[in-house]
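Me: I have a structure I've never looked at before. Can you walk me through it?

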Amino acid sequence: LSEFAKNKDFRTNPEISETSEDNSYFRLNCSFNQQYTRQLALAFSPTFTDGVDRGVDAKSPAANLLNDIYFIHNTEKYVIQGIAFDVNKRVKLGVNCSAHSVFKFSIPATNNFPIDQPIFLFDATTSTYYNIKDNPISITLEAGNYTDRFEITFKDDTILDIADPDVNNFVVYHNNHQLTVEFSSN
């Protein structure tokens, strides 16, 4: 019998309770052609690693679904992944698609996750960031296994990170069919 099963205080122990203040997570839903939904969970704690954390990370129980979504970790499929939160972190998603299908991504629930922190689905094929925390997004895919196309991110890398630029210190010019904008620090 495992230590987990022997712990009689599981439901009352605040250190492992699902409502613990230390637990932070969000649920990611993906519906397939409006027929069924696969739900994943991404959990955060400073003690979680980028490796497999026993008791946190959970492999997908259905490894051969025709249409599926999963976190990719060491080429294996996971439905729950725990990591230490970092705004620069990118979490790979895999998508299996048996035929031309519409996939709808959304974040239906968060727990102790910062209200003002966006959650993006990055599509590497189109170089597009979708803020799925605020708005569900539908993507149509052709049949195939997509393991290098989608990631969960926490910032949109296409947005310039310029804090309060001085609009009086920049120059715009046209040079050989190219528009150039230069900022000056003076």
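Reply: One term before the cysteines: a disulfide is a pair of cysteine sulfur atoms within 2.5 Å. Also, this is a predicted model.

Me: OK, how many disulfides does a search of the whole structure find?
Reply: The search finds 0. Cys30 is in no disulfide, and the nearest cysteine sulfur to its own belongs to Cys97, 9.7 Å away.

Me: Why no bond for Cys97?
Reply: Because the closest cysteine sulfur, in Cys30, is 9.7 Å from the sulfur of Cys97, which is too far for a bond.

Me: Are those two cysteines buried or exposed?
Reply: Cys30 is buried, with a relative accessible area of 0%. Cys97 is buried as well, at 4%.

Me: Switching topic. How far does the pLDDT go: what's the mean, and what share of residues reach 70 or more?
Reply: The mean pLDDT of the protein is 83, and 78% of its residues reach 70 or more.

Me: Which elements have the lowest and highest mean pLDDT?
Reply: Helix H1, residues 3-6, has the lowest mean at 40, and strand S8, residues 120-123, has the highest at 98. Over residues 1-20 the pLDDT is below 50, and this stretch has 12 contacts in the model beyond near neighbours in sequence.

Me: And how many helices and strands are there in the protein?
Reply: The protein has 1 helix and 13 strands. Read along the sequence, the pattern begins with α and continues with β.

Me: What share of the contacts is between residues far along the chain, say 24 or more positions apart?
Reply: Such residues account for 62% of the contacts with a separation of 6 or more.

Me: What about the inside? Which residues touch the most other members of the largest nonpolar core?
Reply: That core has 30 residues, and Phe26, Phe105 and Ile152 touch the most other members. Among the elements that give two or more residues to the core are strand S1 (24-32), strand S7 (101-111) and strand S11 (144-153).

Me: Take Phe105. What is it in contact with, leaving aside neighbours within four places in sequence?
Reply: Its contacts include Cys30, the cysteine from earlier, along with Asn29, Ile69, Val95 and Leu121. Ile132, Pro136, Ile137 and Ile139 are also in contact with Phe105.

Me: How much of the whole protein is buried?
Reply: Buried residues make up 38% of the 186 residues. On the outside, the protein exposes about 12000 Å², and carbon and sulfur atoms supply 49% of that.

Me: Back to the rings. How many aromatic pairs?
Reply: The count comes to 14 aromatic pairs. In one of them, Phe32 and Phe103, the ring centres are 5.0 Å apart and the planes are at 85°, so the pair is edge-to-face.

Me: Where do Phe32 and Phe103 lie?
Reply: Phe32 lies in strand S1 and Phe103 in strand S7, so the pair ties together parts that are 71 residues apart in sequence. Phe32 is buried, with a relative accessible area of 0%, and the value for Phe103, also buried, is 0%.

Me: What about Phe113 and Phe154?
Reply: Their ring centres are 6.4 Å apart and their planes are at 45°, so this pair is tilted. Phe113 lies in the loop between S7 and S8, and Phe154 in the loop between S11 and strand S12 (170-174), so the pair ties together parts 41 residues apart in sequence. Phe113 and Phe154 are both buried.

Me: Which residues form the aromatic cluster with them?
Reply: Phe26, Phe44 and Phe85 form one aromatic cluster with Phe113 and Phe154.

Terms used
Residues numbered from 1 in each chain as written. Predicted model: local features only at pLDDT ≥ 70, side-chain atom pairs only at ≥ 80, totals over all residues. Heavy atoms only, no water. pLDDT = per-residue confidence, 0-100. Helix = DSSP H or I, 4+ residues; strand = E, 2+ residues; numbered from the N terminus. Contact = heavy atoms within 4.5 Å. Core = buried A, V, L, I, M, F, W, Y, C linked by side-chain atoms within 4.5 Å. Buried < 20%, exposed > 50% of the residue type's maximum accessible area, 1.4 Å probe, protein only. Areas by Shrake-Rupley, 256 points an atom, 1.4 Å probe, with all protein chains shown as cover. Phe/Tyr/Trp six-rings, centres within 6.5 Å; stacked < 30°, edge-to-face > 60°.
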